[in-house]
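User: I am new to reading structures and would like a close look at one single part of this one. Could you pick a part, walk me through it and show me how it sits in the whole?

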Amino acid sequence: MREMIVSELTQALHDLARGFAHYLPRLIVMLILAFIGWVIAYVVKVILRSILQLIKFDKLSENTGASQLLSKAALPTATEVVSRFVFWVTWLGFVLTGVSVLGILGLQEEIARFFLFLPHLFVAMFVLFVGLLAASFFSRAALLAAVNANMPSARIISLAVRSIIIVFVFSIVFEELGLAEQTMLVAFGIAFGALMLGLAIAFGFGGRELAQRFLEEKFVRGRKEQNENEDELSPL
Amino acid sequence: MEDETFLTDDFLRQLINVGEVDILVGLPTHNNAKTVGSVVQTIRSGILRGFPRERAVIINADGGSRDGTPELVTGVSIDDMRPTTNLNALRTLHSISTTYANGAGSGAALRTILAAAELLRAKACIVISPESARIEPEWISNLLRPIYRDGFDLVAPTYRRQKFDGLLMTNLLYPMVRALYGVRIREAYMPEFGFSNRLGSRFLAQNGWNESGNGAGIELRFTLAAITGGCRICQSFLGEKEHIERRAADLVPTLRQTVGVLFSKLESDFSVWSTVSGSRPVPTIGSEHELLLDPMRVNRKRLREMFSTGVAELESVFRSILSPSTVGELQRIARLGEEQFQYSAELWVRTVYEFAAAYQKSVISRDHIIQALAPLFRGRVFTFLMENRSASANEIENNIEGLCLEFERLKPYLVEIWKSRE
C-alpha cells in the first residue's frame with residue numbers, strides 16, 4: 001500500500017515535471033513574443049503619433065467634434081487616443097499569439113475569433129470617424145445655408161441634420177461590430193421614425209405660418225421678387 | 001499649341017477661314033437673347049467707327065444657350081446699322097459662334113476666346129459682357145485703343161455707378177487688391193476689359209484650367225495674373241454701368257467667385273504681395289470714378305437683422321475662423337440698436353484679413369469660410385449705407401479712400417497671422 005502511494009506520487013511528480021518541461025519552452029516563447037510585441041507596438045505607436053501630428057489629426061478631429069467629446073470625457077487628445085489604441089491592439093495581438101503557442105484547448109478558438117474581429121473593429125472605427133466628420137460638415141453646411149437664407153431656427157435645422165447622421169453612423173458601427181444587431185436595428189428604426197414624426201409635427205404645427213409664407217413666396221412670384229430686390233444691393 | 005485641342009473642329013475651320021486679325025472682340029454668352037442683339041450691334045458700330053481699316057472678328061463663346069443667343073450674334077449684319085449710323089466697312093467683319101463643352105462657366109468661355117485670339121494672332125482683344133444693355137460704341141474704342149495704339153497689356157474699366165452699387169467692390173475687392181498687390185484698380189473683377197495678345201497667351205499657358213472648375217471668377221484671376229506678371233495696366237472710363245437687380249440668394253455665389261478667388265490666389269501669390277508696401281495709381285483714361293446720387297430703396301433693417309442673426313447663430317463657426325477679440329467685438333456690435341450700430345473700418349479689415357488667413361489654413365471647409373462671410377458683409381453694408389445715406393459723391397469717395405488706407409495700414413497684421421496662425 002505504501003509502495004503504491006509512493007509510486008503514484010512519484011508518477012504524478014514525474015508527470016508534472018514532464019508537463020512543466022513540455023510547457024516551459026512554450027511559456028518562454030510566449031514571453032518572448034509578448035516582449036517583441038511590446039517593442040513593435042511601442043514603435044508603431046511612436047511612428048503613428050508622429051504621422052498624426054504631421055497631418056494635424058487633432059485639428060481634423062476638432063472639426064468633426066470628436067475632440068470636444070474626448071475632452072468632455074476627460075480623455076487625452078485624438079492623436080493620443082488613436083496611437084494608444086493601436087498600441088494596445090498590436091500588443092494584445094502578439095500576447096494572444098503567444099498564448100496560442102501554449103496550446104491551451106478552447107483558448108485557440110477564442111483567439112482566432114479575436115483576430116477575425118479585428119478588421120471589423122478597424123472598419124467600425126473608420127466609419128465612426130468619417131461619420132462624425134460628415135455629420136460636422138453637413139450640419140455646418142445646413143447652418144450656413146439656413147442663416148444665409150434668413151430662415152428661422154437655423155441652429156435647430158443644423159442640429160437635426162447632425163443628429164440624423166450620427167444616429168445613422170452609430171447604427172452602422174454597431175452592425176459592423178455585431179453588437180446587439182437586432183436591438184440596434186429596432187432602436188434605429190424607432191429613433192429615426194420618432195425624429196421624422198417629430199419633425200413633421202413640429203413643421204406642421206409650429207411652422208404653419210412659415211410654410212404658408214414659403215408657399216406664397218414660391219408661387220406668388222411678383223411679391224417675392226419685389227421683397228428681394230428691395231432688400232439687396234448689387235454687390236458687384 | 002496644346003490648347004487648341006479643346007476647340008471643336010468646326011470652330012477651328014471657321015477660325016482658319018478668318019485668318020489673322022488685328023482686333024478680336026470676345027462675347028461670352030449663356031441665354032442672353034434679351035440683350036445680346038443690341039450689344040452685338042453696338043460692338044460692330046464701335047469697331048466701324050474706331051477701327052474701320054483693321055481686320056476684326058467677334059468671337060461668341062456660348063455656354064449652351066437655349067434661347068437662340070448664338071443665332072442672334074451671328075445673325076446681326078452690318079446692314080442692320082447702315083440706315084442709322086451711315087457707316088461703311090472697309091473690311092469684312094466676321095462673327096463666329098461656338099459652344100464650349102463644360103456648360104455655363106466664364107472660365108471655359110474666356111479660355112475659348114484666348115485660344116481664338118492666339119490662333120488668329122489678334123493684336124488687341126476685348127471681352128464684352130452680354131448683359132451690358134447700356135453699352136455705347138465708344139466703349140469699344142476706349143478698351144481697344146490703349147492696347148492697340150499705346151502698348152498696354154490690360155485695360156480695366158471704370159464706370160459711372162449708383163452710389164450704393166458694387167458695395168462688395170468698394171468695401172472689399174478694390175481696397176484689398178490695392179493694399180495687397182499695391183495697384184489701384186477700381187474694377188478688378190471686370191465684366192468688360194481689354195488685353196494684349198501677349199498677356200492673353202501667357203494667361204492661357206499658365207492658368208490651371210482644369211483646377212479652377214468651371215472657372216467662376218476667372219476675370220479676377222486674369223487681373224491678378226496681369227499684376228503679378230508685371231504687365232502694363234491702365235484703366236479706361238466707359239460710362240454708366242447698368243444697375244442689375246440681385247436677389248438675396250445671389251450674394252453667396254458672388255462671394256465665391258470674387259472673394260473666394262482672391263483668397264485662393266493670395267496663397268500662390270504670397271511671395272509677391274507680402275513684399276509690397278503702399279499702393280500706386282495706374283494710368284486712367286477719362287474719369288477714375290463717377291457716382292450717381294439717385295435714391296435707392298434698401299431694407300436696412302433686414303440687413304442688420306441678418307448680420308445679428310448670423311453672428312449669434314454662427315458663433316461656433318466664427319470661433320474657428322476669427323480671433324477671440326474679433327468675435328467678441330462682433331458680438332458686442334450685434335447687440336447694438338440701429339442708431340448705435342457701427343461696423344468700423346478697422347474691425348471690418350481685421351475680419352476680412354482673419355478670414356483670408358483662415359482660408360489659407362483651411363481651418364474648416366473653404367467654401368464654408370466664404371459662406372460665413374456673407375452675414376458679416378451685410379453688417380458692413382449696413383454701416384456703409386448709414387454713414388453715406390446723405391453723403392455727396394466726394395464724401396463717399398473719401399470714405400472709400402479711408403477704408404483703402406485702413407486695409408493698407410493693417411496689412412502687416414495679415415502677414416503676421418498668415419505666417420503664424422495654427
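Analyst: Let's begin with a handy term: two residues are in contact if their C-beta atoms, placed from the backbone, lie within 7 Å. In chain A, residues 24 or more positions apart account for 65% of the contacts with a separation of 6 or more; in chain B, the share is 88%.

Before going further, please keep in mind that this is a predicted model, where local features need pLDDT of at least 70, side-chain atom pairs count only at pLDDT 80 or more, and totals for chains, interfaces and linings use all residues. Residues are numbered from 1 along each chain as its sequence is written, while chains are lettered from A and ligands numbered from 1 in the order in which they are written.

How sure is the predictor? The model scores ipTM 0.84 and pTM 0.80. For single residues there is pLDDT, the predictor's confidence in each residue, from 0 to 100. Chain B averages 87 on this scale, and 91% of its residues score at least 70. Among the elements of chain B, helix α14 (residues 324-334) has the highest mean, 95, and helix α4 (residues 82-85) the lowest, 51.

The part I have picked is strand β4 of chain B, residues 124-127. Two terms will help. Helices (H or I, at least four residues) and strands (E, at least two) are DSSP runs, numbered from the N terminus. A residue is buried if 20 or more other C-beta atoms lie within 10 Å of its own, exposed if 12 or fewer, and partly exposed in between, with C-beta atoms placed from the backbone.

Now look at the two faces of β4(B). On one side you find B:A124 and B:I126, on the other B:C125 and B:V127, and all of them are buried. Both faces of the strand are therefore covered.

Next come the partners of the strand. Two strands pair if DSSP finds at least two bridges between them. Strand β1 of chain B (residues 23-29) pairs with β4(B) in the parallel sense, over 4 bridges. Here B:G26 stands opposite B:V127. With strand β7 of chain B (residues 193-196), β4(B) runs antiparallel, and 4 bridges join the two. In that pair, B:C125 stands opposite B:F195.

If you follow partner β1, you come to the loop between β1 and α2 (33-50) of chain B, where B:N31 is found. B:N31 has a positive phi of about 55° although it is not a glycine. It counts as partly exposed because it has 16 C-beta neighbours inside 10 Å.

Further along the chain from β4(B) is helix α6 of chain B, residues 137-148. Its 12 residues reach 17 Å from first C-alpha to last, close to the expected 16 Å; that expected span is 1.5 Å times one less than the number of residues. Like the strand, α6(B) has much that is buried: 9 of its 12 residues are, so the helix is mostly covered. Among them are B:W139, B:I140, B:L143 and B:Y148.

Let's step back to the whole of chain B. It holds 18 helices and 11 strands. Its radius of gyration, taken over C-alpha atoms, is 22 Å, close to the 22 Å from the globule rule (2.2 Å times the number of residues to the power 0.38) for 422 residues, so the chain is as compact as a globular protein of that length. Its C-alpha trace spans about 65 × 45 × 40 Å along the principal axes. Buried residues make up 49% of chain B.

Domain bounds here come from an automatic or database domain assignment. Chain B is divided into domain 1 (2-292) and domain 2 (300-420), with C-alpha centres 30 Å apart. Their contact takes 26 residues from domain 1 and 24 residues from domain 2. On the domain 1 side, the elements giving two or more residues are α7 (167-181) and α10 (251-268) of chain B. The largest share of that side, 10 residues, comes from α7(B).

Finally, a glance at chain A. It has 9 helices and 0 strands, and buried residues make up 15% of its 236 residues.
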